[in-house]
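Hi everyone, thanks for coming. I'd like to walk you through some helix packing and some ring contacts, so please have a look at the screen.

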Amino acid sequence: MTSEEVIDKARQYLTERDAEFLHRAFTFARDAHYEQFRKSGEPYIVHPIQVAGILVELGMDSVTIAGGFLHDVVEDTQVTLDDLEEAFDNEVAMLVDGVTKLGKIKYKSKEAIQAENHRKMFVAMARDIRVILIKLADRLHNMRTLKHLPPDKQRRISNETLEIFAPLAHRLGISTIKWELEDTALRYLNPQQYYRIVQLMRQKRNQRETYIEEVIDEVKNQLNDVDIGADISGRPKHLYSIYRKMVKQNKQFNEIYDLLAVRIIVNSIKDCYAVLGIIHTCWKPMPGRFKDYIAMPKPNLYQSLHTTVIGPKGDPLEVQIRTKEMHEIAEYGIAAHWAYKEGKQSANDNKSFEEKLTWFREILDWQSETHDAEEFMETLKVDLFSDMVYVFTPKGDVIELPSGSVPLDFAYRIHTEVGNKTIGSKVNGKMEPLDYKLKNGDIVEVMTSKHSYGPSQDWLSITQTSQAKSKIKQFFKRQRREENISKGKEAVEREIRSFGIEPKEVLTQDNLKRIFERFNFTNEDDMYAAVGYQGITAALIATRLTEKVRQKKQKTQNLEDTLEEVKNDTTPKKAQKRDSGVKVEGVDNLLVRLSKCCNPVPGDPITGYITKGRGVSVHRTDCPNVQTEEARQRYLHVEWEDSCTDKKQYHVDLEITGYDRRGLLNEVLQAVNETKTNITHVNGRSDRNKMAVIQITILIHNTGHLKRIVGRIKQIRDVYSVTRTIH
């Protein structure tokens with residue numbers, strides 16, 4: 001889709017003034033990304049155009065589509081948020097800021113960086129839901145072009161898509177994006193199963209199409225008799241849903257019968273139930289497979305009638321019945337809110353829409369209580385992306401909670417004060433303990449007392465939802481603030497002294513400001529109070545506060561002395577031989593050892609690294625552990641001995657990835673044994689996508705020996721890659 005096509009499509013439901021606004025946004029983005037290219041070799045501007053195109057297909061408003069054009073300008077060009085606000089307005093700048101990754105902040109790991117980026121996005125999303133719609137469109141186009149990235153990045157991005165973005169699309173009800181994200185992620189995480197299912201689906205296509213035509217003709221005849229107009233179509237199951245069913249139920253493809261669904265779209269809710277009656281008259285319904293999402297809509301706004309019947313040929317057939325508006329919401333979910341917003345929704349509709357998104361607003365509460373981004377993401381996954389349980393209040397209102405929730409979670413979902421004053425609970429009219437695991441359909445009644453002293457510390461371990469834990473922590477924080485501040489300050493200062501540093505040396509304004517920004521504190525008292533009520537550990541605060549001082553001390557600690565000591569003993573002598581099989585030219589009496597992080601072997605390019613008190617450590621030249629500027633100052637020239645090639649044995653760590661099938665590990669071990677190679681360590685695991693990872697440590701003579709082993713392993717069926725690992 002070109003920029004002109006995107007804007008022309010937007011003209012079909014937006015004003016000419018909106019179209020001019022979008023053209024201005026495109027021009028701004030095109031100029032900002034000038035001479036930038038993607039991994040595919042395409043001009044970078046192609047990506048923002050496609051993202052905007054996806055948003056237009058969802059029927060989004062002009063500001064969101066403009067955000068699609070501009071979503072990468074702050075992250076990838078010299079444009080700032082102030083520039084955007086000046087050129088457009090603060091609404092556009094806010095949306096772009098929400099999808100922009102954090103920059104210029106150093107974290108310990110890639111996981112920490114990614115967790116912070118997700119945290120930032122979720123918080124922005126809680127303020128304006130359109131942030132995540134832009135992010136979903138961005139991720140969808142990135143998944144469509146994933147083939148241009150290396151395999152390890154493809155797997156990492158696909159895993160992240162399945163863990164975070166596909167569940168988000170589901171929670172927002174945008175099935176048109178959810179299914180494509182899941183199917184594309186499966187293609188890269190388990191290509192063998194993906195293409196196998198595709199092939200099997202193709203083989204039975206003609207048979208399925210004939211079957212569906214028979215069903216549709218029969219339904220049309222029945223509906224014509226009662227004068228109900230309907231749009232009827234067949235829909236094959238999505239690849240990922242078939243794959244999940246095969247894995248979850250441990251079935252082969254030919255054992256999955258409900259590969260098809262018939263969708264019937266009618267004009268009114270009354271017609272939905274009339275059609276249901278006709279379907280159940282034609283074919284026998286399967287017990288327990290009827291679901292009424294019209295009377296009880298899903299939290300993501302989804303409404304439809306679902307039933308599974310024994311079809312004309314005796315196979316299960318799923319039927320979905322809904323109105324046209326319900327279908328729009330089923331396909332586009334929350335995005336349909338904007339498509340219908342212009343003069344079509346009443347104040348009550350908008351109020352209902354906001355109420356259904358309260359779980360998003362709760363994100364703001366959670367993030368203010370959780371000071372560690374990785375912990376925040378884990379709790380978010382539990383609350384938003386786990387299986388859900390649906391229970392009733394005594395008045396019949398449906399409350400949705402994560403699976404495993406207890407009556408206390410229910411109480412805090414009703415209201416904070418109800419939770420704080422809880423003294424007991426009844427489930428289905430019977431007294432149950434507060435740690436009782438709720439089940440679908442339970443009717444829960446919370447018993448409270450105004451004389452209650454409030455939550456106990458045990459409740460933090462009993463409750464399952466982040467919302468409940470957050471409210472309990474808030475209670476303790478208010479109750480004992482002064483005590484917590486005193487206790488927290490004492491703990492932090494004690495931890496600082498354990499590093500051999502005086503507290504006043506690191507408790508500077510600049511240092512504290514950095515800590516406040518990193519962990520969302522407003523002042524010093526808040527920080528100490530959080531430590532006092534165990535919202536964050538004193539060790540973590542002390543580690544962050546002393547980071548720069550410790551690094552400075554470590555850098556200067558005897559580096560010059562160590563280097564000088566080696567230089568003073570560099571009188572020309574015969575090359576010194578070592579048991580390691582490595583010689584150090586011109587240096588005698590130095591211990592030489594092979595580094596265990598990269599396990600160099602004869603044939604690998606190597607470099608020596610002078611260590612304090614442990615002689616020379618030999619690394620592969622591509623080892624990331626000796627790539628820093630500080631490490632380069634300690635380099636020393638080393639070489640392999642000519643005689644070491646076939647005599648000595650060296651440890652090498654290999655990681656083998658492949659499809660997790662029975663016998664794969666045995667075949668790998670047998671292949672290595674065939675090359676007369678010793679194995680010293682074996683470890684294996686597999687994930688939910690049937691991706692197997694086997695880690696082995698072997699003893700080899702040189703790189704030629706290693707190549708023979710790797711070549712033999714790669715011949716094994718279902719092995720995707722064999723790589724050397726660096727620790």
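Let's go straight to helix H13 (residues 205-225) and helix H15 (residues 269-282), whose axes come within 11 Å and cross at roughly 125 degrees. Before I go on: this is a predicted model, where local features need pLDDT of at least 70 and side-chain atom pairs count only at pLDDT 80 or more, while totals for chains, interfaces and linings use all residues. Residues are numbered from 1 along each chain as its sequence is written, and side-chain values use heavy atoms, with hydrogens and water left out.

Helices (H or I, at least four residues) and strands (E, at least two) are DSSP runs numbered from the N terminus. Axes are lines fitted to C-alpha atoms, for helices over the stretch in contact, with angles from 0 to 180 degrees between N-to-C directions. Angles under 35 degrees count as roughly parallel, over 145 as roughly antiparallel, 65 to 115 as roughly perpendicular and the rest as oblique, and H13 and H15 are therefore oblique to each other. Their crossing is right-handed (near helix turned clockwise from the far one by less than a right angle; anticlockwise would be left-handed). On the H13 side, the contact (heavy atoms within 4.5 Å) is made by Glu 218, Val 219, Gln 222 and Leu 223, and on the H15 side by Val 275, Ile 278, Ile 279 and Cys 282.

What about helix H4 (residues 62-70) and H7? They pack at an angle of about 50 degrees, with their axes 9 Å apart, so H4 and H7 are oblique to each other. This crossing is right-handed too. H4 brings Val 63, Thr 64, Gly 67 and Leu 70 to the contact, and H7 brings Glu 91, Val 92, Leu 95 and Val 96.

Now, the rings. Rings of Phe, Tyr and Trp (its six-membered ring) pair if their centres lie within 6.5 Å, with planes under 30 degrees apart stacked, over 60 edge-to-face and the rest tilted. That rule gives seven aromatic pairs. In one of them, Phe 21 and Phe 88 have ring centres 5.9 Å apart and planes at 85 degrees, so the pair is edge-to-face. Phe 21 lies in helix H2 (residues 16-32) and Phe 88 in the loop between helix H6 (81-87) and helix H7 (90-99), so the pair ties together parts 67 residues apart in sequence. Together with Phe 28, they form one aromatic cluster.
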